[in-house]
Amino acid sequence: MPLAYAHFVQILVDSFLILAPFAQYAQLGAFSVLSIGILTIFYSGLLDLAKVFLDPVDNEDYCQGSVHIDIAVLILEVNAGSTKFKDGGAFLC
């Protein structure tokens, strides 16, 4: 992974989140505190997701503490749940 790109994006997101309260205070007033909380959660999560996409085999250990999802089990559970709706519709008719 190009280290300079990840570092540049990290600095860009951090500077955006530091300067956003000053830009929003003129229009939102006290509600800018709430909007900055939402922006921080969104952009920091998006940055972590971008780091995971840049390193899909987790060489740099960006996914520390993440939950690994088994897609096969997820598909089996979705398919098992879909028959419940069909059976429920047959029971109502």
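What follows is a short walk through this predicted model, from its overall make-up to a few residues of helix 2.

Some ground rules will help you read the values. Residues are numbered from 1 along each chain as its sequence is written, and side-chain values use heavy atoms, with hydrogens and water left out. Because the model is predicted, local features need pLDDT of at least 70 and side-chain atom pairs count only at pLDDT 80 or more, while totals for chains, interfaces and linings use all residues.

Let's begin with the whole chain. The protein chain has 3 helices and 0 strands, and its elements run α-α-α from the N terminus on. Helices here are DSSP runs of H or I with at least four residues, strands are runs of E with at least two, and both are numbered from the N terminus. Of the 93 residues in the protein chain, 14% are buried; that word means under 20% relative accessible area, with exposed meaning over 50% and partly exposed covering what lies in between (1.4 Å probe, protein chains only). The protein chain exposes about 7800 Å², and carbon and sulfur atoms supply 71% of that area. Accessible areas come from the Shrake-Rupley method with a 1.4 Å probe, and for residues only the protein chains shown count as cover.

Now turn to the start of helix 2, which spans residues 32–54 and includes Ser32. Is Ser32 buried or exposed? Ser32 is buried, as its relative accessible area is 5%. A polar atom of the Ser32 side chain lies 2.8 Å from the backbone oxygen of Gly29. Leaving aside neighbours within four places in sequence, Ser32 is in contact with Gln24 and Tyr25, where contact means heavy atoms within 4.5 Å.

Two further residues of helix 2 can be read alongside Ser32. Ser35, found in helix 2, is buried at a relative accessible area of 17%. Not counting residues up to four places away in sequence, Ser35 touches Gln24 and Leu28. Ile36 also has its place in helix 2 and counts as buried, with 13% relative accessibility. With the same sequence neighbours left out, up to four places away, Ile36 touches Ala20, Pro21 and Gln24. The C-alpha atoms of Ile36 and Gln24 are separated by 8.7 Å, and these residues are 12 apart along the chain. Gln24 thus appears among the contacts of Ser32, Ser35 and Ile36.

The aromatic rings make a good next stop. How many aromatic pairs does a search of the whole structure find? The search finds 2, counting rings of Phe, Tyr and Trp (its six-membered ring) whose centres lie within 6.5 Å; planes under 30 degrees apart count as stacked, over 60 as edge-to-face and the rest as tilted. Phe16 and Tyr43 form an edge-to-face pair, 5.0 Å centre to centre with 70° between the planes. Phe16 lies in helix 1 (residues 3–28) and Tyr43 in helix 2, so this pair ties together parts that are 27 residues apart in sequence. Phe16 is partly exposed at 38% relative accessibility, and Tyr43 is partly exposed with a relative accessible area of 27%. Phe42 and Tyr43 form another edge-to-face pair, 5.1 Å centre to centre with 80° between the planes. Phe16, Phe42 and Tyr43 form one aromatic cluster.

Phe42 leads us on to the surface. This residue of helix 2 counts as partly exposed, with 47% relative accessibility. Together with Leu46, Leu49 and Phe53, Phe42 makes a nonpolar surface patch of about 420 Å². Patches are made of residues with over 30% relative accessible area and no salt bridge; like charges are joined within 9 Å, and nonpolar side chains (Val, Leu, Ile, Met, Phe, Trp, Tyr) within 5 Å. A salt bridge is a side-chain nitrogen of Lys or Arg within 4 Å of a carboxyl oxygen of Asp or Glu.

Our last stop is Asp48, which has its place in helix 2. Asp48 is partly exposed, with a relative accessible area of 46%. Asp48 and Gln10 are 38 residues apart in sequence, and their C-alpha atoms are 9.6 Å apart in space.

Notes. A polar contact is a pair of N or O atoms within 3.5 Å; within protein, one must be able to donate a hydrogen and the other to accept it, and residues adjacent in sequence count only if both atoms are side-chain atoms.
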